[in-house]
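Good morning, colleagues. Please take a moment with the sequence and the model on the screen before I begin.

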Amino acid sequence: MKFVAKELKETADISSGQEPWRARLKNFAIIVASLVGLYLLVAMISEFLITRISEETEGRIFAFVPFPGSELDKEDARMSKAREIFSTLTAHPDIRPLSYKLRLLDMEDPNAFAAPGGWVLVTSALLNTITNDTALAFVLAHELGHHQHR
């Protein structure tokens, strides 16, 4: 058999250590797609597990979370009114059976937060901003809605 040498026109030379731009783009797309997929998988697993935690377990896990309180928490007349409204709202029979706790945070921004375990946190600036009981009830009910719908 006779060997006939042919002239090579174009080859994929990978011995130079440089990757073609299409291969780089493909590898980058694979990495990004993998990270997005992993993020979504973790979110789906978390959602699945969190919505199946019982109220008792949630209460035990988060019962001793040390949210920073304020000395105003005990003395403030506005906080007393907030506690009265809060106890009325949490007494509703359709609300999730958690051990609800209301805490005052000494902060300059008017805000309220719902934290796991039945915690509802209101800032002192929020109590200074709200002018009537109905508005305060709406804010507290909104935060309780976060607990209700997890």
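I shall start with Asp-133, which is partly exposed at a relative accessible area of 40%; buried here means under 20% relative accessible area, exposed over 50%, and partly exposed in between, with a 1.4 Å probe and protein chains only. Before going further, I should say that this is a predicted model, in which local features need pLDDT of at least 70, side-chain atom pairs count only at pLDDT 80 or more, and totals for chains, interfaces and linings use all residues. Residues are numbered from 1 along each chain as its sequence is written, and side-chain values use heavy atoms, with hydrogens and water left out.

Which residue does Asp-133 meet in a salt bridge? The partner is Lys-81, at 3.4 Å from N to O. A salt bridge is defined as a side-chain nitrogen of Lys or Arg within 4 Å of a carboxyl oxygen of Asp or Glu. Asp-133 belongs to helix α6 (residues 133-148) and Lys-81 to helix α4, so this pair ties together parts that are 52 residues apart in sequence. Helices (H or I, at least four residues) and strands (E, at least two) are DSSP runs, numbered from the N terminus.

Lys-81 also forms a salt bridge with Glu-84, at 3.2 Å from N to O. These two residues are three apart in helix α4 (residues 77-90), and about one helical turn therefore separates them. Lys-81 is partly exposed at 29% relative accessibility, and Glu-84 is likewise partly exposed, at 45%. Through shared partners, Lys-81, Glu-84 and Asp-133 are joined into one network of salt bridges. The count for the structure is two salt bridges.

Let me turn to the overall architecture. The protein chain contains six helices and three strands, and from the N terminus the order is α-α-α-α-β-β-β-α-α. Of its 150 residues, 23% count as buried.

Two buried positions deserve a comment. Leu-104, in strand β1 (residues 101-105), is buried, with a relative accessible area of 0%. Its C-alpha lies 7.4 Å from that of Met-79, although the two are 25 residues apart in sequence. Gly-117 is in the loop between β2 (112-115) and β3 (119-123), and counts as buried at 1% relative accessibility. The C-alpha atoms of Gly-117 and Glu-58 are 5.4 Å apart, with their positions 59 residues apart along the chain.

What, then, lies on the surface? Trp-21, Leu-25, Phe-28, Val-32, Val-36, Tyr-39 and Leu-40 form a nonpolar patch with about 810 Å² of accessible area together. Patches are made of residues with over 30% relative accessible area and no salt bridge, like charges being joined within 9 Å and nonpolar side chains (Val, Leu, Ile, Met, Phe, Trp, Tyr) within 5 Å. Accessible areas come from the Shrake-Rupley method with a 1.4 Å probe, and for residues only the protein chains shown count as cover. Within this patch, Phe-28 is found in helix α1 (residues 21-50) and is exposed, with a relative accessible area of 56%.

I close with confidence. The chain averages a pLDDT of 84, and 87% of the residues score at least 70; pLDDT is the predictor's confidence in each residue, from 0 to 100. Confidence is highest in α1, at 93, and lowest in helix α3 (residues 72-75), at a mean of 57. Where pLDDT is low, the predicted coordinates should not be read in detail.
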